[in-house]
Amino acid sequence: MKLLLTFCVACALLYKAESLRCHVCTDDRCTNSTSVTCPATSTVCRTVTSVRTTGLTATLTVNKNCSTLLSCLTPLSIETEWSVNRGFEKEGHTQICCVTDNCNRQTLAIPNLLTNGKQCPACSSLADSQARTCNATLSCVGVEDTCFNGTTTVNSTEALQLGCMSNNLCSLQVFLETVFDGNPRITCGAPWSVRISATLLTFALIVHKVLV
């Protein structure tokens, strides 16, 4: 009896996975999308709005598709925003993964790009990153609430990685390997605050005047 019940549940789950319908975009900005039947390997629908910036060039993309739980990396049915910012190169995403038919129909808002009052050490250019001569300071934006530092290695050459990141990425090694090429070894730490830095500077000036 238990074996029969297990078989029935498995069949029901497989049928549900095979019959899940999701919206899929027809272009990079998703000006149009169409509802499709997902393959059995796709158990969730996904919609994500992304902004990637290199230098002064920003690229906006909207993607809706059939997906898997492993590739979502965010809680189901909860709009989640994450961002990685190296100054000369950054990317921000807003995403929802859900499990009902066509639940990814909506287009999410563009990730927040406004500075948030925090700063982190950074590299001013890719060349500085590769030369490991980084001494710049980066203003964090949006949900970036922690600094990161570490290295990547490409063709036996080690590059320094510094900047701002949203804390919800710190434990997602799979995602970090996607963002950073070359076997990334990334550690998160507490951010510098612009307001705290200004307060410390004012305190230092007062102490200096008293002592002098």
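Two strands pair if DSSP finds at least two bridges between them; helices (H or I, at least four residues) and strands (E, at least two) are DSSP runs, numbered from the N terminus. This is a predicted model, where local features need pLDDT of at least 70, side-chain atom pairs count only at pLDDT 80 or more, and totals for chains, interfaces and linings use all residues. Residues are numbered from 1 along each chain as its sequence is written, and side-chain values use heavy atoms, with hydrogens and water left out.

Start with the whole chain: you'll find 5 helices and 12 strands.

Now select residues 146-154 and 157-165. These are strands E9 and E10, antiparallel partners over 9 bridges. They make a hairpin with 2 residues between them, and Asn155 in the turn has a positive phi of about 55°. Add residues 185-189, which are strand E11: E9 pairs with this one too, antiparallel over 5 bridges.

Next, click on Phe148. Opposite sits Gly163 in E10, while Cys188 stands opposite in E11.

Time for some rings. The whole structure holds 2 aromatic pairs (ring centres of Phe, Tyr or Trp, its six-membered ring, within 6.5 Å; planes under 30 degrees apart are stacked, over 60 edge-to-face, the rest tilted). Show Trp82 and Phe175: they're edge-to-face, 5.4 Å centre to centre with 90° between the planes. Trp82 lies in strand E5 and Phe175 in helix H4, 93 residues apart. Both Trp82 and Phe175 are buried (under 20% relative accessible area, with exposed over 50% and partly exposed in between; 1.4 Å probe, protein chains only).

Finally, go back to Phe148 and add Phe180, its edge-to-face partner at 5.4 Å centre to centre and 65° between the planes.
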